[in-house]
Amino acid sequence: MSTEEMIVEWIKNNWLSILNSVIMIGIPFYLKKNIECAFARKAEEHKANLDIIKNKSNEFSKLEIEVIKNSWDKFIDVYYAFNELAAALKRYPDVKTMTDREMELYLVELNVNNENIETVLSSYDKQNTLQDVIEFTKANNVLNLLFEFTKYIDKNSIFMRKDIRDGFDVMYKEMKMVSYKYREYIRTKIEKASDIYIELPNLLKKITELKEEAELEIQKIVFPEKISR
């Protein structure tokens, strides 16, 4: 019997053992490859999910910073308007040196409405009436700016952290209350509200302190790597 015939005969007699050996070697190899492929797919899926989360996080951070920036801009407008309202030293023009037309143009520049301009021009005591109208208009301006400020925050509150939103809310409520009280005092001159001239500077001091605290908290968000928490 030739060598080839002997090999064929041996395979015939031992085919089951050979098959078992192939299976025993092949199955672990197949399983290993299968597991490696599954792990690679999972790793890719995980990486893709992380990329999605990262992109969403980056997009949210950009929105948050944009909302905070716009809120801060609106707050600063309110802050300086309130600062002017609460100023201890107030300057008014001397109506004795002005014509009615000059007075009218001056009041238009201050955004005084037509009704109040007419009130000044027709008043017997133009000086005091002009001063009251100017102060009333300033208080009204603060209240309008406060409304725009808080409306913007409400519309974008989902993009703002609660502590920042709460800080803005405290300042909004304080300034609204005192500005409204001052406007009503100017309008009615109710004696019981005369302590408003003490409340205004006191609140301005408090708001300035809260402003500095809010600025620091915002900088922690915008520059987390530069400002320690």
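In the predicted model, the largest nonpolar core comprises 36 residues, of which Phe75, Phe82, Phe168, Met175 and Leu200 touch the most other members. At least two residues of this core come from each of helix H1 (3-86), helix H4 (126-155), helix H5 (162-188) and helix H6 (196-222). The greatest contribution is that of H1, with 10 residues. In soluble globular proteins, nonpolar side chains tend to be buried together. When residues up to four places away in sequence are not counted, Phe75 touches Phe149, Phe168, Met171, Met175, Ile207 and Lys211. A second core, separate from this one, has 11 residues, among them Met98, Val112, Val120 and Val133.

Helix H4 also contains Thr129. This residue counts as buried because its relative accessibility is 17%, below the 20% limit. With neighbours within four places in sequence left aside, the contacts of Thr129 are Thr119, Val120 and Ser123.

Side chains of opposite charge can pair when their charged atoms come close. The whole structure contains 16 salt bridges. One of the pairs is Glu135 with Lys90, where the closest N and O atoms are 3.3 Å apart. Glu135 is located in helix H4 and Lys90 in the loop between H1 and helix H2 (100-109), so this salt bridge ties together parts that are 45 residues apart in sequence. Glu135 counts as buried, at 3% relative accessibility, whereas Lys90 is partly exposed, with a relative accessible area of 22%.

A further salt bridge links Glu199 to Lys181, with 2.3 Å between the closest N and O atoms. Since Glu199 belongs to helix H6 and Lys181 to helix H5, the pair ties together parts that are 18 residues apart in sequence. Glu199 is partly exposed, with a relative accessible area of 22%, and Lys181 also counts as partly exposed, at 26% relative accessibility. Elsewhere, Glu84, Lys90, Glu135 and Lys138 are joined into one network by salt bridges that share partners.

Within helix H5, Lys162 and Asp166 lie four residues apart, about one turn of the helix. These two residues form a salt bridge in which the closest N and O atoms are 2.7 Å apart. Lys162 is exposed, with a relative accessible area of 53%, while Asp166 is partly exposed, with a relative accessible area of 33%.

Technical notes: Residues are numbered from 1 along each chain as its sequence is written. This is a predicted model: local features need pLDDT of at least 70, side-chain atom pairs count only at pLDDT 80 or more; totals for chains, interfaces and linings use all residues. Side-chain values use heavy atoms; hydrogens and water are left out. A nonpolar core is a set of buried Ala, Val, Leu, Ile, Met, Phe, Trp, Tyr and Cys residues joined through side-chain atoms within 4.5 Å. Buried means under 20% relative accessible area, exposed over 50%, partly exposed in between (1.4 Å probe, protein chains only). Contact means heavy atoms within 4.5 Å. A salt bridge is a side-chain nitrogen of Lys or Arg within 4 Å of a carboxyl oxygen of Asp or Glu.
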